[in-house]
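Hello,

As promised, I am passing this structure on to you. Please have a look at it first, and then read on for what was found in it.

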Amino acid sequence: MRLVTERELNRNFLLKDGDYKSTKEIFERIAEYIPDKKIIGELDKDKKIIYHTAKDLLQDVEAIGDGLIDLGLEGKHIALSADNSYLYVMCDLAIAGGVGVVTPIDKDATNDLFITLLNKCEADALICAHHMIDKVKEVLPSCKKLKTIITIDKKVEDYPTMSEIMEKGRTLSEKGYYHNKELDLSAPAKLLFTSGTTGPNKGVILSQNNLSANTINCLDSITANNDEFNTSMSILPMHHATEINTHILARIAAGRLTYINDSMKNMMINIKIFKPHVITIVPMIANAFYKAIWSNATKAGKDKMLKKGIKLTKLLRKFGIDISRKLMKDVYEPFGGNLRQIVCGGAMLNPEVVKGFGDLGIFITNGFGITECGPLVSMNTDTLNEVYSVGKACPNLEVKLADINEDGVGELCVKGKSVTQGYYKDEEATKQVFDEEGFFHTGDLARIDKKGRIFLSGRKKNVIVLDNGKNVCPEEIELEVMNNIDYAKECVAYIGTYGESEKEGICLGLFIEDEEVRGNRDKIQEDFRALNKKLPSYKQINYINIVDNEYEKTSTKKIKRDTVLSRHDGNSGIKL
């Protein structure tokens with residue numbers, strides 16, 4: 001059966017009155033057309049699923065909106081920092097849809113970073129989890145404008161709770177202030193901070209125009225089938241642009257059911273309860289899932305049987321027959337039994353993992369996005385036939401390459417309605433990323449083929465410039481390591497010095513979880529010398545720095561490259 005896009009499915013239904021112009025309009029329209037449809041599900045304290053309908057969503061968003069405005073927060077900057085929940089989603093979208101400007105902040109940020117971000121976004125108020133109150137009290141004296149603290153879940157001391165605000169808001173919603181409020185669609189609605197993997201966090205301004213355009217980009221790019229096989233599970237932290245803007249909001253706009261996973265530590269427990277058909281994750285989690293599947297099969301002595309099953313299912317698929325779910329039941333069981341699709345983005349994806357999941361009957365949709373673009377830029381829904389590409393740009397976006405080299409690789413640039421107007425109160429940084437034609441320069445290196453498919457190479461800022469003038473993308477080396485060295489848990493390539501003479505060359509920071517393998521330096525040296533023979537001479541690894549524990553990462557599991565050199569030891573590693 002040919003899968004069609006969400007736009008095609010909803011052209012004469014949810015989109016019959018035209019494209020959504022704001023996030024508030026999304027809630028209003030689904031509440032009108034599918035009021036009793038279950039849209040979001042989450043677990044209560046007894047691990048029972050609680051469902052929220054389209055009508056519930058509209059009523060709750062309006063109650064939050066009117067309640068916060070009654071508290072004096074209209075037009076204010078409101079930071080949001082809490083665990084993933086239905087209420088988090090409603091707060092985020094209610095604020096952006098008519099109260100003021102919402103800034104999601106990582107709840108696990110260090111106190112220093114927390115203070116920095118609260119001051120950078122000029123937060124007047126903070127909605128936080130009850131367990132964060134002690135942290136909030138510590139940072140409060142250092143926050144310039146922050147006056148109002150609200151707990152999103154439980155009552156703590158005299159701080160107002162979101163339930164109290166909603167209760168007041170429901171009485172005010174009858175007057176329809178929030179519902180009837182006219183929005184300035186071009187005004188800032190959301191302020192999202194960049195991940196800070198290579199430098200200071202910058203505040204990305206997104207308006208209702210940007211948010212609604214990104215939603216339409218999603219509906220234009222994401223394929224779907226009937227409701228029976230289309231429930232998803234929200235896993236990524238909600239302060240990340242991908243999770244609410246691209247995953248949850250797009251599914252709400254399409255009238256789809258999404259389950260909310262409360263925390264990463266409960267992911268594998270909750271996935272068995274929700275039994276989703278789709279999950280959205282980052283490459284590191286996808287890699288871990290894939291390795292776990294084969295590790296479990298090997299431990300159970302079923303790896304040979306699994307390989308035979310893959311061969312048989314691949315053969316039968318050529319005749320339109322798919323028995324993978326019946327034949328490989330043990331593979332699907334840890335994921336709830338229904339998993340059919342993994343949507344992945346945020347970093348370069350291992351092609352071997354894409355192909356491997358496809359062989360197992362779980363199809364990966366590989367995309368590319370960046371916060372400044374809303375974030376969705378492109379989506380590859382046909383990874384069975386093209387594992388390396390991140391797909392074509394969304395129909396409403398223009399893309400081009402700047403400073404193209406002899407290999408056809410240049411910086412990917414994007415233009416369109418979902419692209420930010422710039423960084424908050426940082427004109428200099430804004431000027432640096434926009435060219436005269438209005439294209440946003442992503443900082444990502446890529447090539448585009450004749451079919452318009454985008455192939456990423458790595459981040460421009462991460463490029464290693466060698467003495468001979470050659471440019472090397474460290475991500476390409478890291479991908480080769482992860483494809484060929486099965487005991488590598490994580491790695492990061494960089495330029496560094498090593499040995500008594502402090503020779504400069506390509507170094508690899510390597511974390512190996514298995515302590516026995518980690519101590520077998522001869523094996524590691526032998527394996528990496530074999531890998532080097534497969535690489536062009538200028539991309540070969542000169543030195544391996546083995547670390548005892550994982551590298552520091554962002555909340556979306558990207559290694560913070562600006563911290564890598566601090567862990568470099570050029571004397572106790574392995575020369576190649």
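In what follows, two residues touch, or are in contact, when they have heavy atoms within 4.5 Å of each other. Please also keep in mind that this is a predicted model.

A good place to try that out is His568, in the loop between β26 and β27. Leaving out residues up to four places away in sequence, His568 touches Tyr494, Gly496, Thr497, Cys507, Tyr543 and Asn545. With one of these, Tyr494, there is also a polar contact, side chain to side chain, at 2.7 Å.

The strands around that loop belong to an open sheet of four, ordered β24-β25-β26-β27, with mixed pairing. At its edges are β24 (490–498) and β27 (574–575), each of which pairs on one side only. Inside the sheet, β25 (residues 503–511) and β26 (residues 543–547) run parallel and are joined by five bridges. If you want a spot to look at there, Leu510 stands opposite Ile546 in β26. Helix α18 (residues 474–484) lies across β24 and β25, and runs at about 125° to β24.

There is also an open sheet of nine strands, again with mixed pairing, in the order β3-β2-β12-β11-β13-β14-β15-β16-β17. Which strands are at its edges? They are β3 (49–53) and β17 (392–393), and each pairs on one side only.

Starting from the β3 end, strand β2 (residues 38–43) runs antiparallel to β3, and five bridges join the two. One pair to find is Glu42 with Ile50, its bridge partner in β3.

Towards the other end, β15 (residues 363–369) and β16 run antiparallel, with four bridges between them. Asn366 has Asn380 of β16 as its bridge partner. These two strands make a hairpin with six residues between them, and Gly374 in the turn has a positive phi of about 110°. On to the next strand: β16 is joined to β17 by two bridges, and this pair is antiparallel too. Here Ser378 stands opposite Ala393 in β17.

Is strand β16 (residues 376–380) mostly covered or mostly open? It is mostly covered, with five of its five residues buried. As background for looking at any of these strands, side chains in a regular strand alternate between the two faces of the sheet.

Now to some helices. Helix α2 (residues 23–33) packs against helix α4 (residues 86–99) at an angle of about 115°, and their axes are 8 Å apart. On the α2 side the contact is made by Thr23, Lys24 and Phe27, and on the α4 side by Met90, Leu93 and Gly97. By type, three of these contact residues are nonpolar, two are polar and one is charged.

Two other helices are worth a look for how well they are covered. Helix α9 (residues 208–221) has 13 of its 14 residues buried. From first C-alpha to last, α9 reaches 20 Å, close to the 20 Å expected at 1.5 Å a residue. At its start, a side-chain oxygen of Ser207 comes to within 3.3 Å of the backbone nitrogen of Asn209.

The other is α10 (residues 241–253), where 12 of the 13 residues are buried, so this helix is largely enclosed by the rest of the structure. Its buried residues include some charged ones to look up, among them Glu243 and Arg251. After α10 comes Gly255, which has a positive phi, near 75°.

Last, a loop residue: Glu74, between α3 (54–70) and β4 (77–81). Why does Glu74 count as partly exposed? Its relative accessibility is 32%, and partly exposed covers the range between buried, under 20%, and exposed, over 50%. Beyond its neighbours within four places in sequence, Glu74 is in contact with Ile69, Val99, Tyr177 and Lys181. With Lys181 the two side chains make a polar contact at 2.9 Å. Val101 is 27 residues away from Glu74 in sequence, yet the two are 9.1 Å apart in space, C-alpha to C-alpha.

Enjoy exploring, and do write back with any questions.

Best wishes

Technical notes
Residues numbered from 1 in each chain as written. Predicted model: local features only at pLDDT ≥ 70, side-chain atom pairs only at ≥ 80, totals over all residues. Heavy atoms only, no water. Pairing = 2+ DSSP bridges. Axes fitted to C-alpha atoms, helices over the stretch in contact; angles between N-to-C directions. Expected span 1.5 Å × (residues − 1). Buried < 20%, exposed > 50% of the residue type's maximum accessible area, 1.4 Å probe, protein only. Polar contact = N/O pair within 3.5 Å; in protein donor to acceptor, adjacent residues only side chain to side chain.
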